4 protein chains.
Amino acid sequence: MKQIFTFPIRIYWEDTDAGGIVFYANYLKFFERARTEWLRALGIGQQDLKTQSGGMFVVSETQVKHFAPARLDDLIDVTAQSLEIGRATLLLQQQAWLSSPGGVRTLLAQASIRIGWVDSHTLKPGRIPATILKALQ
Amino acid sequence: MKQIFTFPIRIYWEDTDAGGIVFYANYLKFFERARTEWLRALGIGQQDLKTQSGGMFVVSETQVKHFAPARLDDLIDVTAQSLEIGRATLLLQQQAWLSSPGGVRTLLAQASIRIGWVDSHTLKPGRIPATILKALQ
Amino acid sequence: MKQIFTFPIRIYWEDTDAGGIVFYANYLKFFERARTEWLRALGIGQQDLKTQSGGMFVVSETQVKHFAPARLDDLIDVTAQSLEIGRATLLLQQQAWLSSPGGVRTLLAQASIRIGWVDSHTLKPGRIPATILKALQ
Amino acid sequence: MKQIFTFPIRIYWEDTDAGGIVFYANYLKFFERARTEWLRALGIGQQDLKTQSGGMFVVSETQVKHFAPARLDDLIDVTAQSLEIGRATLLLQQQAWLSSPGGVRTLLAQASIRIGWVDSHTLKPGRIPATILKALQ
């Protein structure tokens, strides 16, 4: 059974633009924060990985649909969920939700993110370490 | 015949991350700078539009594939090209290229960006002003 | 007696640069997040303020000294403390600290931030609302 | 005689915040872009330096005063000028100016930036390479 990880993110001035709403490109940052905390919850620290394995994750493809805006001071919920776990890449689905006082939840944005694994120095693609794959499954 | 607009962008410290390369989310910023300059070259200023028409463009969907990394001090070429021009949304294709001294060009990233038009205050979708559609065609 | 507010901030990829450390300009973002949470803890929400009073805080002066770097995955503590509370401006002192496993705390950066109050539309300086001054004292 | 280097920077959506103006922390990015282009004009490329000398500049102190806001689509002029050139640190003065159609120039922000030199791996302070000091004088 697939599990969905959720991480709360607060909207600050830095996240907004002159349209009065969150700058769309910043959702990629929010999705990455949630992914990072999801990995951390699974016992995977990326700085440690880089130091120990000499490799790191890189994002190879992103697809984001924006449905509704978030604003300054909003507290949004950002999810992470694995769709495919391969030996070379991972495919994740991520969503950003806004909860209103009355209990209504609005989907702000939804993303598919493909992540690969590379050597930190050469940046050449490699296989995701077995310890990570095991933690993800 | 479709024309391709190209805009040069320099990579600074602010654009990089601890992987030693450009942070992937920043390509969305580069694509937007190129789109903005493409619109400006067509006589469309977004601040003026917001003031005069009470409307503004919003990005509703982005899809980006990353093929190769750029690094600090690189000078990349970012393109903008319209794929579809509708009354409510535009679909653009954009690319980021790196030119090497020997004349080799490397495709760093390619994107499809869908843009809609909204009222600046209500953020409700509306029709793209005729003056913009005319400039784009 | 002056009280010091502390807010924990995690370092993500977005915060780092190709030097392998946190990009110095991002400390201003961290300081603002901590200020915002400090104000929120005092019952002051900035989006509500903007809507209700028609005014907002703007930063008029920043001074930041950097002593040591933070890195990906670090969890730092960011403080906020008022030094001067005037009718037109506030002066805050803020610090960023890194705690090591052995219990050693390292001062990463220290800032003085001066904040003024302006009308949201005209951007002209005005007096800080009495409700805010009361909450701060 | 001290010379002042000037570099034009366009304001994009990414630079603004929900106040409708440029987010203050982004001036540090603008100042760095102008510094980088100033160094480049003097024949100093930072990526090359990092590769060849094993060292890099780091910002140790910033002081910025904000006088007036810039907005979306503005084209501002950002300056760089050396105030002190030491063996371990440089002190620069930098300004951001907005020119209006009528010929009036407005000072948006002014900064003092202190820069040191460190080993890229250990991050320990060192002496600025003689080739750089020579180019700066």
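Which of the residues of chain B comes closest to the rotation axis that goes with chain C? It's B:Asp17, with its C-alpha 1.9 Å from that axis. To see where such an axis comes from, let's walk through the model, which is a predicted one.

A word on confidence before we go on. The predictor gives the complex an ipTM of 0.94 and a pTM of 0.96. Chain A has a mean pLDDT of 94, and 99% of its residues reach 70 or more.

Now for the way the chains are arranged. In general, a rotation about an axis and a shift along it relate two copies of a chain. Take chains B and C: a turn of 180° and a shift of 0.0 Å along the axis lay chain B on chain C with an RMSD of 0.0 Å. What about the surfaces they use? The contact takes nine residues from chain B and nine residues from chain C. On the chain B side, sorted by class, you'll find five nonpolar, two polar and two charged residues. Because 100% of the interface residues of chain B are also interface residues in chain C, the copies meet through the same surface.

Chain B can be laid on chain A as well, by a turn of 180° and a shift of 0.0 Å along the axis, with an RMSD of 0.0 Å. The two copies are therefore related as by a two-fold rotation axis. Here B:Gln63 is the residue of chain B that comes closest to the axis, its C-alpha being 2.1 Å away. Once more the same surface serves both copies, as 100% of the contact residues of chain B recur in chain A.

Chains A and B also share a sheet. Ten strands form it, and you can follow them in the order β1(A)-β3(A)-β4(A)-β5(A)-β2(A)-β2(B)-β5(B)-β4(B)-β3(B)-β1(B). The sheet is open, and its pairing is antiparallel. At the edges stand β1 (5-10) of chain A and β1 (5-10) of chain B; each has a single partner strand, so one side of each is left without a neighbour in the sheet. On average, neighbouring strands are turned by 30° against each other, direction ignored.

Let's zoom in on chain A. Its strands β2 (residues 55-66) and β5 (residues 105-119) run antiparallel and are joined by 11 bridges. In this part of the sheet, A:Val58 stands opposite A:Gly116 in β5(A). Helix α1 (residues 26-41) of chain A lies across β1, β2, β3 (75-85), β4 (89-99) and β5 of chain A, and runs at about 135° to β1(A).

Two loop residues are worth a look before we finish. C:Leu123 sits in the loop between β5 (105-119) and α3 (130-136) of chain C. Its phi is near 65°, a positive value in a residue other than glycine. Is C:Leu123 buried or exposed? Something in between: C:Leu123 counts as partly exposed because it has 14 C-beta neighbours inside 10 Å. Over in chain D, D:Asp73 lies in the loop between β2 (55-66) and β3 (75-85). D:Asp73 isn't a glycine either, yet it has a positive phi of about 80°. With 19 C-beta neighbours inside 10 Å, D:Asp73 counts as partly exposed; 20 or more would make a residue buried.

Terms used
Residues numbered from 1 in each chain as written. Chains lettered and ligands numbered in written order. Predicted model: local features only at pLDDT ≥ 70, side-chain atom pairs only at ≥ 80, totals over all residues. Least-squares fit on C-alpha atoms with pLDDT ≥ 70 in both. Contact = placed C-beta atoms within 7 Å. Pairing = 2+ DSSP bridges. Helix = DSSP H or I, 4+ residues; strand = E, 2+ residues; numbered from the N terminus. Axes fitted to C-alpha atoms, helices over the stretch in contact; angles between N-to-C directions. Nonpolar A, V, L, I, M, F, W, Y, C, P; charged D, E, K, R; others polar. Buried ≥ 20, exposed ≤ 12 C-beta atoms within 10 Å, placed from the backbone. pLDDT = per-residue confidence, 0-100.
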